[in-house]
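Below are a few points on this model, set down for a colleague who will work from the coordinates. They take up one helix and then the ligand site.

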Amino acid sequence: MDRYLVFGHPVRHSKSPFIHTLFARQTQQELEYGLAEPAVDEFAQALRTFFDQGGKGCNVTVPFKEQAFTLVDCLSPRAKRAGAVNTIKLTDDGVLLGDNTDGAGLVADLKSHGVTLADSRILLLGAGGAARGALAPLLAELPSELVIANRTHTKAQQLAAEFHDLGPVIAQTYEQLAGPFDLVINSTSASLQGELPPLAPALIHTDIAIYDMMYGASDTAFISWAKQHGARQTMDGLGMLVEQAAEAFTVWRGIRPGTKQVLRELKRNLGVI
Ligand code: ATR
C-alpha cells in the first residue's frame with residue numbers, strides 16, 4: 001500500500017492522519033498515512049530513510065519546513081517563494097519534489113467563507129514563515145493593497161521588499177496602521193502564548209473579516225478580542241489545515257478531495273461542534 005506521513009516535532013497531536021485517511025476513503029484511494037517525530041537533528045536522515053523504504057510522499061510541519069526546502073531535489077515555484085516546504089512528492093522518475101500548499105490552503109479557505117480578496121485591503125499580522133507562505137497566493141488574488149505589520153518592523157520591511165514584484169505590498173508598524181481594512185489575517189504565533197498582537201481596537205469594525213491561522217477547541221485569543229470589538233465574521237485556521245491537506249493530496253494522487261464534510265468531521269473530532 002502507498003505510504004505517506006507527516007514529519008514534525010512534536011507531531012503526536014497532528015490532525016493530518018485523520019484528514020488524509022478521510023480523503024482516501026472519500027476518493028477510494030488505497031494509502032496509509034502516519035506520523036514521524038524525529039529528533040530535531042535527525043530529520044534529514046529520517047526523510048531519506050522514509051523514501052528509501054518506499055514512501056511515496058510526506059507532509060512536513062514545524063520545525064522542519066525550512067530544512068525540507070534544502071533537502072528536496074527540486075522545488076515548485078510556490079515553495080521557492082515561500083522559502084519552505086510542507087509537501088514532498090516522490091515523482092515517477094525518482095525525483096523528490098518540494099511543494100508548499102499552505103498559502104493555497106489559506107486562500108481556498110477564505111474563499112469558501114465567501115471572503116472577497118480582489119480589490120480588498122488586507123492587513124497581514126506577522127512576518128515569520130506563515131506570513132511568507134501566504135504572501136504570493138494572497139497577492140495573486142489582486143487585493144488593492146496588502147499591508148504587513150510585525151512586532152519587529154525590519155522583518156516586515158524585508159518581506160514587503162521581497163514580494164513587491166508580485167503586487168501592492170507595503171510594511172507598516174502597528175502604530176502607523178490606518179483603516180479601513182477589509183480583512184485582517186493573524187499569522188503571528190501570539191495566540192499560542194495567549195497573547196495578542198498590539199493592534200488598535202479602532203481598526204476593527206462590523207464589516208471586517210478576521211482570520212487567525214491558529215485554531216483551538218475554543219476561540220483563539222485574537223478571535224475573542226476581535227469579537228469583543230465588534231467583528232462579526234471571524235475564522236480560525238482549521239479550514240486552512242484541511243484545505244492545505246486537500247491541496248497536498250491532489251499533488252500526490254492527482255485527484256482533489258472534497259473538504260466540507262471532512263472539516264465537519266474534524267470539528268466533531270476536536271469537540272468544536
Ligand atoms: P511561523 O513560522 O509560525 O510564522 P515564526 O517564523 O517564529 O513562526 O514567526 C512568528 C511571528 O509571530 C513573528 O512575526 C513574530 O514577531 P517577531 O518577528 O517580532 O518575533 C510574531 N509574534 C510572536 N509572538 C508575538 C506577540 N506576542 N505579539 C506580536 N507578534 C508576535
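**Notes on helix α2 and the ligand site**

1. In this predicted model, helix α2 spans residues 43-52, and its buried residues are Phe43, Ala44, Leu47, Phe50 and Phe51. Viewed down the axis of α2, these buried residues fall within an arc of 130°, so they line one face of the helix. An α-helix has 3.6 residues a turn, so residues three or four places apart point the same way.

2. What does the buried face of α2 pack against? The buried residues of α2 make contact with the strands β1 (2-7), β3 (57-60), β5 (87-90) and β6 (96-99), and with helix α3 (65-71).

3. After α2 comes glycine 54, which has a positive phi, near 100°.

4. The ligand is surrounded by 15 residues, the closest being Asn150, Arg151, Thr152, Lys155 and Glu195. By class, this shell holds 8 polar, 4 nonpolar and 3 charged residues.

5. Which parts of the protein make polar contacts with oxygen atoms of the ligand? In the side chain of threonine 152, an N or O atom is 2.5 Å from a ligand oxygen. Two further contacts involve the backbone: a polar backbone atom of glycine 129 is 3.1 Å from an oxygen atom of the ligand, and a backbone N or O atom of serine 189 lies 3.1 Å from a ligand oxygen. On its own the ligand has 650 Å² of accessible area, and the protein covers 75% of this.

Key:
Residues numbered from 1 in each chain as written. Predicted model: local features only at pLDDT ≥ 70, side-chain atom pairs only at ≥ 80, totals over all residues. Heavy atoms only, no water. Buried < 20%, exposed > 50% of the residue type's maximum accessible area, 1.4 Å probe, protein only. Helix = DSSP H or I, 4+ residues; strand = E, 2+ residues; numbered from the N terminus. Arc of directions from axis to C-beta. Contact = heavy atoms within 4.5 Å. Near = heavy atom within 4 Å. Polar contact = N/O pair within 3.5 Å; in protein donor to acceptor, adjacent residues only side chain to side chain. Areas by Shrake-Rupley, 256 points an atom, 1.4 Å probe, with all protein chains shown as cover. Nonpolar A, V, L, I, M, F, W, Y, C, P; charged D, E, K, R; others polar.
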